[in-house]
Amino acid sequence: GVPVTVKDLRRTFGSGPENRITAVDGVHLDIAAGESVALTGPSGSGKSTLLHLIGAVERADAGVIRVGDEEITALGRRELARYRGRIGFVFQRFHLLPALTALDNVLAPLLPRRRADTPFDRVERATGLLAAVGLAGREKALPSQLSGGQQQRVAIARALIAGPRLLLADEPTGNLDSATGTRVMDLIERLAAEHGCTLLIATHEEAVAGRCSRVLTLRDGQLVADVRTGRDEPAA
Ligand code: ADP
Ligand code: ADP
């Protein structure tokens with residue numbers, strides 16, 4: 001995994017003093033390579049926004065984000081696109097492309113890029129990842145033919161296809177029943193360790209947070225607690 005450093009990060013929405021919301025308000029953070037970190041806090045506390053900033057889905061108004069030896073907040077548009085392609089992101093609502101098969105959804109992040117590997121290698125890797133999430137034989141299924149838990153497992157395979165060193169997950173169990181959510185967390189935890197990813201998960205579920213080696217709590221955009229759970233950290 002890669003270390004993640006955040007310095008005095010700020011993100012504001014809305015214009016004018018009346019309706020301005022500071023979603024992330026001066027956050028400092030140091031995550032070591034290979035740590036598994038939960039991001040908790042009430043709804044609206046800034047969890048999604050912080051993940052979106054670290055994943056470069058949104059741009060910060062101020063502050064510094066460093067992932068490995070790259071300063072994300074200093075990158076230009078093309079470098080940001082490249083960076084996004086090298087990290088994994090799992091969403092609450094899966095965000096699979098409905099017209100693509102499970103296999104093509106897993107392959108989708110690789111499409112815009114020129115890579116050294118041949119399409120055959122990619123298909124083999126995607127098929128292997130689908131097997132790793134328990135979906136061997138379902139390569140040709142469309143998202144609409146899969147259950148929520150299965151769709152999230154496709155999304156996990158997709159998040160890992162590019163070999164990310166950082167895996168971000170935004171309420172990955174939030175749309176799943178608790179038994180399915182537990183299985184999805186098992187997979188995220190195991191695969192992040194196997195693939196050597198630093199893991200950052202936004203969640204308001206204590207059962208999910210308690211499985212991470214560290215729990216951060218946000219309130220009104222500020223970090224108000226940082227607790228080590230004593231759980232073993234995966235190898236970096
Ligand atoms: P959480 O993930 O903890 O629920 P969010 O990061 O989604 O919190 O939201 C933090 C605050 O920022 C909330 O007040 C939310 O309404 C606001 N917010 C988030 N995204 C936007 C946006 N695109 N436009 C306006 N306000 C936003
Ligand atoms: P998901 O669960 O799929 O991650 P969310 O419902 O958490 O989706 O948020 C969807 C998008 O809406 C996010 O990109 C978030 O930044 C944005 N958002 C959240 N709160 C607000 C808000 N108050 N106004 C506008 N956009 C918002």
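This is a short chat about the sheets and pockets of a predicted model.

Student: Let's start with the sheet that has four strands. What is its strand order?
Tutor: The order is E2-E1-E4-E5. The sheet is open, and its pairing is antiparallel.

Student: Which strands sit at the edges there?
Tutor: Strand E2 (21-31) and strand E5 (70-71). Each of them pairs on one side only.

Student: And how many bridges are there between E1 and E4?
Tutor: Five. Strand E1 covers residues 4-13, and strand E4 covers residues 62-67. To see one pair, find Arg-10: its bridge partner in E4 is Ala-62.

Student: Which strands does H1 touch?
Tutor: H1 packs on this sheet and touches E1, E2 and E4. The direction of H1 makes about 120° with that of E1.

Student: OK, now the sheet of six strands. Parallel, antiparallel or mixed?
Tutor: Mixed. This open sheet runs in the order E6-E7-E8-E3-E9-E10.

Student: Why do E6 and E10 each have one side without a neighbour in the sheet?
Tutor: Because E6 and strand E10 (222-228) stand at the edges, each has a single partner strand.

Student: What about the twist?
Tutor: The twist averages 15° from one strand to the next.

Student: How do E3 and E9 run, parallel or antiparallel?
Tutor: Parallel. Four bridges join strand E3 (residues 36-40) to strand E9 (residues 214-219). Look for Thr-40, which stands opposite Thr-217 in E9.

Student: Which helices go with this sheet?
Tutor: H5 packs on it, touching E6 and strand E7 (166-170). The direction of H5 makes about 165° with that of E6. Helix H6 (residues 178-194) lies across E7 and strand E8 (198-202). H6 runs at about 155° to E8.

Student: Switching to pockets. What volume does the largest pocket have?
Tutor: About 540 Å³. It is lined by 22 residues, and the closest to its centre are Arg-84, Gly-85, Ile-87, Phe-89 and Pro-109.

Student: Which element gives the largest share of that lining?
Tutor: H2, with five residues. Helix H2 (77-86), strand E6 (88-90) and helix H5 (148-160) each give two or more.

Student: How does the lining divide by class?
Tutor: Twelve residues are nonpolar, five are polar and five are charged.

Student: And the second largest pocket, how much space is in it?
Tutor: About 370 Å³. Its lining has 17 residues, and Lys-47, Ser-48, Gln-92, Asp-170 and Glu-171 lie nearest the centre. Helix H1 (residues 47-54) gives the largest share, four residues.

Student: What classes are in that lining?
Tutor: Two nonpolar, eleven polar and four charged residues.

Technical notes: Residues are numbered from 1 along each chain as its sequence is written. Chains are lettered from A and ligands numbered from 1 in the order in which they are written. This is a predicted model: local features need pLDDT of at least 70, side-chain atom pairs count only at pLDDT 80 or more; totals for chains, interfaces and linings use all residues. Side-chain values use heavy atoms; hydrogens and water are left out. On a 1 Å grid over the protein atoms alone, a cavity is a set of points where a 1.4 Å probe fits but cannot get out, and a pocket is an open set with protein on both sides within 12 Å along at least five of seven lines; lining residues have an atom within 4 Å of a point. Grid points are joined across faces, edges and corners, and a volume is the space filled by probe spheres set on the points. Ala, Val, Leu, Ile, Met, Phe, Trp, Tyr, Cys and Pro count as nonpolar, Asp, Glu, Lys and Arg as charged, and the others, Gly among them, as polar. Two strands pair if DSSP finds at least two bridges between them. Contact means heavy atoms within 4.5 Å. Axes are lines fitted to C-alpha atoms, for helices over the stretch in contact, and angles run from 0 to 180 degrees between N-to-C directions.
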